[in-house]
Amino acid sequence: MERKRAAMELDGAIGGDDDSEEAADLFRVIGRQVRLLRERVGLTQRELGDRLGYSEDLIRSLERGRRTPQPDFLDAADDLLEAGGLLRAAKEDVARAKARARVRHPAWFKDYAKLEADAVELSYYSNHTVPGLFQTEAHARALYAMRKPLLDDELIEQRVAARLARQAVLTNRPTPMVNCVIEEAVLRRPIGEWDVHKEQLGELIRLGKLRNVELQVMPLDHPEHAGLGGPFILLTPTRKPQVGYLEVQNISRLITDPEEVRILASRYGCIRSQALTPRKSSALIERLLKDQ
């Protein structure tokens with residue numbers, strides 16, 4: 001009963017992504033127009049692709065609305081298919097739709113992202129990566145670029161933009177209280193090579209000085225560790241109960257059961273007590289930065 005009540009209280013913070021759906025609808029309409037124009041002049045998808053310098057698969061995806069029609073394609077297709085400006089005129093609409101839908105999260109992450117944006121308190125324990133709210137643009141791009149299976153360039157840019165947009169949470173008014181414990185090993189791994197890593201360490205030092213942020217490091221030489229079960233996040237949405245969030249291998253779980261959340265909160269308290277203080281953590285990061 002408690003789990004059901006907590007889930008119902010969270011319903012108001014979770015909804016659809018209207019901007020992304022509107023963009024997808026527009027791309028499908030344009031795709032149907034391309035197909036009808038192509039068929040009117042008697043070209044196959046392969047023939048159209050050959051004449052425009054695109055693959056048959058890309059033409060097929062565009063006609064199904066699965067790919068974003070780029071300005072160069074719309075110009076070239078408009079001329080070749082004798083569309084009379086119909087496709088060319090859609091360029092501004094496509095640009096606006098892309099701008100509105102640029103902040104796009106994976107489907108399995110959207111519920112959490114909505115709750116995060118409304119949170120009054122956020123607590124992170126991270127043992128493999130710098131939390132997304134603390135990542136520089138170059139660091140985030142490097143992480144997405146090394147994903148396996150590989151992500152295409154457009155999707156990488158969408159994910160980077162979405163991650164950077166989330167960071168407004170740190171400075172939006174009213175600002176939430178943000179606690180974060182990061183493993184020292186994370187700070188020693190030069191994701192994206194040393195120049196990118198140095199910038200990331202500097203950003204952590206800067207963020208750690210914000211009044212609403214407490215950044216702590218779990219040292220490698222600590223003999224006790226309450227967080228060996230893996231990373232997790234605790235968040236408290238505005239006027240709603242605290243929830244937990246787990247994510248591993250692109251599989252996520254939003255935890256609303258009060259007892260499970262209590263256990264995570266108790267565990268997080270132990271982790272914070274075992275980590276270095278914010279002042280000592282900042283000093284450690286500064287030493288690591290100077291050693292680069």
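This short talk covers one sheet and one pocket in a predicted model.

I will start with the sheet. It is open and has 6 strands, in the order S3-S2-S1-S4-S5-S6, and the pairing is mixed. Which strands stand at the edges? They are S3, residues 213–218, and S6, residues 251–255; each has a single partner strand, so one side of each is left without a neighbour in the sheet. From one strand to the next, the twist averages 15°.

Now the S4, S5 and S6 part of the sheet. S4 pairs with S5 in the antiparallel sense, over 3 bridges. Within that pairing, Ile-233 has Tyr-245 of S5 as its bridge partner. The hairpin of S4 and S5 has 5 residues between the strands, and Arg-239 there takes a positive phi near 55°.

S5, residues 243–248, also pairs with S6, again antiparallel, and here there are 5 bridges. Leu-246 stands opposite Arg-253 in S6, and Val-248 stands opposite Ile-251 in S6. The hairpin that joins this pair has 2 residues between the strands, and Gln-249 takes a positive phi near 50°.

That brings me to the largest pocket, with a volume of about 1,200 Å³. Its lining has 37 residues, and the closest to the centre are Thr-129, Arg-147, Arg-163, Glu-247 and Asn-250. Which elements give two or more residues to that lining? They are strand S1 (119–126), helix H8 (137–145), helix H9 (153–166), strand S4 (232–237) and S5. By residue type, the lining divides into 21 nonpolar, 9 polar and 7 charged.

To close, S5 belongs to both topics: S5 pairs with S6 in the sheet, and S5 also gives residues to the pocket lining.

Key:
Residues numbered from 1 in each chain as written. Predicted model: local features only at pLDDT ≥ 70, side-chain atom pairs only at ≥ 80, totals over all residues. Heavy atoms only, no water. Pairing = 2+ DSSP bridges. Helix = DSSP H or I, 4+ residues; strand = E, 2+ residues; numbered from the N terminus. Axes fitted to C-alpha atoms, helices over the stretch in contact; angles between N-to-C directions. 1 Å grid on protein atoms, 1.4 Å probe; cavity = no way out; pocket = protein on both sides within 12 Å on 5 of 7 lines; lining within 4 Å. Points joined across faces, edges and corners; volume = space filled by probe spheres on them. Nonpolar A, V, L, I, M, F, W, Y, C, P; charged D, E, K, R; others polar.
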